[in-house]
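Reader: I should like a close look at one part of this model, beginning with a helix and the sheet on which it rests. Please then follow the connections outward to the pockets and to the other strands.

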Amino acid sequence: MCGIFAYINYLVPRDRKFILDCLIKGLQRLEYRGYDSAGIAFDGGNESPDVIKKPETKIVKKKGKVRALEEELTCEKDMKLDIEYDIHCGIAHTRWATHGAPCAINSHPQRSDVNNEFVVVHNGIVTNYRDIKKVLESKDYVFESETDTEVIAKLCKYVYDHRENEDMSFRELVEVVIAQLEGAFALCFKSIHYPSQCVGTRRGSPLLIGVKTKGNLSSNFVPILYRDNRGREFQDDVAYNREGTDSAFKRSFSTTDFEVSGDIKAAEYFFASDASAIIEHTNRVIYLEDDDVAAVMDGCLSIHRMKKEEGESMSREVQTLKMEIQQIMKGNYQYFMQKEIFEQPESVINTMRGRVNFKDKEVILGGLQDHLSEIHRCRRLLFIACGTSYHSAIATRQLLEELTELPVVVELASDFLDRRTPIFRDDICFFISQSGETADTLNALRYCKKRGALTVGITNTVGSSISRETTCGVHINAGPEIGVASTKAYTSQFISLVMFGLVMNQDRISTRSRRNEIIEALENLPNLIKEVLEMDEDIKKLAEELYEQKSILLMGRGFNYATCLEGALKIKELTYLHSEGILAGELKHGPLALVDKAMPVIMIIMKDSMYTKCQNALHEVTARGCAPILICQKGDKESQSKASRVIELPGTVDCLQGILCVIPLQLLAFHTAVLRGYDVDCPRNLAKSVTVE
């Protein structure tokens with residue numbers, strides 16, 4: 001939720017227009033994280049930066065999408081765009097509202113006072129903000145917004161005004177402030193008292209730093225600095241040397257700052273919630289850990305922590321992003337979601353690439369290889385997730401039970417935490433999340449780690465919190481997914497879990513034929529997905545018949561119950577219609593009361609072990625005057641005779657049929673939303689990465 005972006009240029013001359021364009025473009029890349037309002041803060045005034053010792057901070061905020069903010073900036077009068085800055089810091093934010101309605105006042109950056117002495121952008125929730133607000137109000141601080149973020153900016157001013165040491169650094173001030181905060185947050189700070197400096201920190205919400213230089217970096221590692229009991233900073237050299245960090249760096253590392261080597265120290269730094277906002281500028285990034293405080297001052301980056309924890313890394317590595325800029329562009333498509341639906345033939349290949357040996361009928365998951373013996377000895381498998389990721393676990397549960405012969409439990413992360421579910425040391429807990437930052441799933445992961453369970457991550461984001469904090473895992477390799485409603489990540493999660501089941505079953509001779517059948521079907525799956533996508537025009541015509549309806553029911557059972565849940569979720573997310581995924585076996589226990597000739601019903605009936613039972617459900621529905629829309633296998637004349645409309649799909653092995661069945665529902669939700677006039681990529685009230693509970 002919410003997107004943070006900051007740009008700092010040091011000895012790299014940039015005019016104001018370039019800086020504003022950079023900030024706006026960064027927000028546009030992050031807009032999927034929140035889009036009810038946006039704002040930026042930058043150095044104001046029209047005088048030359050060379051003659052200003054303490055530049056003013058100008059804030060521009062606007063309700064609505066980033067486009068509205070961009071238009072607001074073009075309307076700003078008396079603002080010179082050709083002023084050039086050798087050194088400058090600008091911060092920006094796109095908001096998903098948690099505290100206070102979407103409006104300019106509640107937008108970020110939030111400020112400390114009318115002079116904008118301290119400004120802050122925030123992703124997350126400060127749970128104790130009321131207590132802090134009450135204290136500050138008693139000291140005559142006046143609040144202008146309803147947000148929890150404003151207390152952070154005002155607390156900065158309070159700490160600054162009451163500092164005992166006149167030489168207190170910006171980073172030290174931020175450390176004092178965040179020590180008072182509870183909850184989850186990622187923060188970036190800017191201040192007129194510390195010109196052109198930027199401080200960023202995180203606890204529970206993602207934040208990374210991009211580094212762009214013409215010269216070489218002094219090292220590929222940034223050391224962590226700590227504070228001793230007397231307030232002096234130190235680096236744990238013993239632990240640092242033990243990590244095997246490159247020796248050339250250790251010899252040159254006298255200032256404990258991370259900087260550009262050589263005489264020219266020119267550098268640009270980018271703080272962002274997600275790598276998609278940085279990739280067009282640089283592919284070198286540093287992922288911050290919880291409670292890291294990163295400060296950029298005089299072109300040097302330093303990372304600090306308040307205290308040293310046993311076993312934690314003594315440095316942060318500069319990593320190289322494998323992402324390409326084309327992956328986060330729409331290309332020839334009108335919407336990101338549409339592009340991502342049609343990318344699924346390629347994304348499923350990428351998920352299987354290097355893992356499935358179709359010739360020898362073998363599957364290897366390198367990320368799990370060292371832990372397979374422990375997984376084989378476990379008591380049970382738990383799959384913990386939210387939303388679409390939860391549905392991918394439901395979709396594969398039956399197959400995993402079949403292949404592993406272990407109890408398989410699928411949990412919604414929020415409910416799992418609410419119940420304080422018992423976890424044992426011989427449990428294997430899987431955490432599924434597209435972003436790898438889903439707050440409930442991440443909290444469930446930490447809950448299970450404390451109880452000694454082996455943890456496995458299934459994510460789409462390298463460097464995410466879940467991928468770093470789990471013992472081992474599988475990266476689904478679906479590529480960047482920008483549309484809020486997940487599509488290709490679902491099918492790649494599905495396949496990743498199928499591959500895990502095959503790995504667990506690899507040594508069993510008795511099930512070899514079943515295993516080979518699934519692997520052969522996986523090889524042909526991309527071609528079948530392409531065949532289904534060719535039905536796009538037919539599904540668009542179906543959407544034209546349904547888009548004015550008030551409700552849609554989806555029914556199926558067996559492997560396709562999860563397909564109904566996921567299809568219903570897509571329809572809800574995008575079209576704002578009531579939609580419900582119903583287990584066909586439960587029809588007689590209540591849902592049948594909803595069925596009449598006016599109720600649109602979509603039924604999924606495939607020629608698998610559930611075919612006869614699904615036929616019974618079809619008869620029950622048609623007996624109430626309903627002529628359902630049928631998703632069925634090609635050539636199934638018996639089922640088609642009772643349907644009003646038919647979507648015929650190619651056949652595949654039963655456990656993979658759900659992938660082919662969900663794609664028409666993705667397309668149906670997409671076309672229905674477009675016909676209803678809604679923004680498919682940015683549905684109301686939602687955001688892509690749910691980083692708050």
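Author: Helix 15, residues 488–504, lies across strand 20, strand 22, strand 23 and strand 24. Its direction makes about 160 degrees with that of strand 22. The model is a predicted one, and every value given here is computed from it.

The sheet beneath this helix is open and has five strands, in the order 21-20-22-23-24, with parallel pairing. Strand 21 (408–412) and strand 24 (472–475) stand at its edges; each has a single partner strand, so one side of each is left without a neighbour in the sheet. Between neighbouring strands of this sheet the average turn is 20 degrees when direction is ignored. Within the sheet, six bridges join strand 20 (residues 380–385) to strand 22 (residues 427–433) in the parallel sense. Arg380 has Asp427, in strand 22, as its bridge partner.

A further helix also lies across strands of this sheet. Helix 13 crosses strand 20, strand 22 and strand 23 (454–459), and it runs at about 165 degrees to strand 22.

Helix 13 leads directly to the largest pocket, since it gives the most to the lining there, with five residues. That pocket holds about 1000 Å³ of space. Its lining consists of 30 residues, and those nearest the centre are Asp290, Asp291, Arg305, Arg446 and Glu469. At least two lining residues come from each of helix 5 (170–178), strand 8 (198–203), strand 16 (315–317), helix 13 (439–450) and helix 14 (465–469). Sorted by class, the lining has 20 charged, six nonpolar and four polar residues.

The second largest pocket contains about 810 Å³ of space. It is lined by 42 residues, and Met323, Asn460, Thr461, His475 and Pro480 are the closest to its centre. Strand 13 (284–287), strand 17 (319–320) and helix 9 (344–352) are the elements that give two or more residues to this lining. Helix 9 gives the most, with three residues. The class composition of the second largest pocket's lining is 17 polar, 13 nonpolar and 12 charged residues.

Strand 8, one of the elements that line the largest pocket, deserves attention for its own surroundings. Five of its six residues are buried, and the strand is mostly covered. On one hand, strand 8 pairs with strand 7 (residues 183–191) in the antiparallel sense over four bridges. In this pairing Ala186 has Arg202, in strand 8, as its bridge partner. The two strands form a hairpin with six residues between them, and in the turn Ser196 has a positive phi of about 65 degrees. On the other hand, strand 8 is joined by four bridges to strand 14 (residues 293–297), and these two strands also run antiparallel. Here Cys198 stands opposite Val296 in strand 14.

Strand 13 and strand 17, which contribute to the lining of the second largest pocket, belong to another sheet. This open sheet has eight strands in the order 3-2-4-1-12-9-13-17, with antiparallel pairing. Its edge strands are strand 3 (57–63) and strand 17, each of which pairs on one side only. Further along the order, strand 9 (residues 208–212) and strand 12 (residues 267–272) run antiparallel and are joined by five bridges. Gly210 stands opposite Phe270 in strand 12.

Two helices accompany the eight-strand sheet. Helix 1 (residues 16–29) lies across strand 1 (3–15), strand 2 (37–43), strand 4 (84–95) and strand 12, and it runs at about 155 degrees to strand 1. Helix 2 (residues 66–75) packs on the sheet and touches strand 2, strand 3 and strand 4. The direction of helix 2 makes about 130 degrees with that of strand 3.

One residue outside these sheets may be added. Leu225 lies in strand 10 (residues 221–227). Leu225 counts as buried because its relative accessibility is 3%, and the cut-off for buried is under 20%. The C-alpha atoms of Leu225 and Ala669 are separated by 50 Å, and the two residues are 444 residues apart along the chain.

Notes. Residues are numbered from 1 along each chain as its sequence is written. This is a predicted model: local features need pLDDT of at least 70, side-chain atom pairs count only at pLDDT 80 or more; totals for chains, interfaces and linings use all residues. Side-chain values use heavy atoms; hydrogens and water are left out. On a 1 Å grid over the protein atoms alone, a cavity is a set of points where a 1.4 Å probe fits but cannot get out, and a pocket is an open set with protein on both sides within 12 Å along at least five of seven lines; lining residues have an atom within 4 Å of a point. Grid points are joined across faces, edges and corners, and a volume is the space filled by probe spheres set on the points. Ala, Val, Leu, Ile, Met, Phe, Trp, Tyr, Cys and Pro count as nonpolar, Asp, Glu, Lys and Arg as charged, and the others, Gly among them, as polar. Two strands pair if DSSP finds at least two bridges between them. Contact means heavy atoms within 4.5 Å. Axes are lines fitted to C-alpha atoms, for helices over the stretch in contact, and angles run from 0 to 180 degrees between N-to-C directions. Buried means under 20% relative accessible area, exposed over 50%, partly exposed in between (1.4 Å probe, protein chains only).
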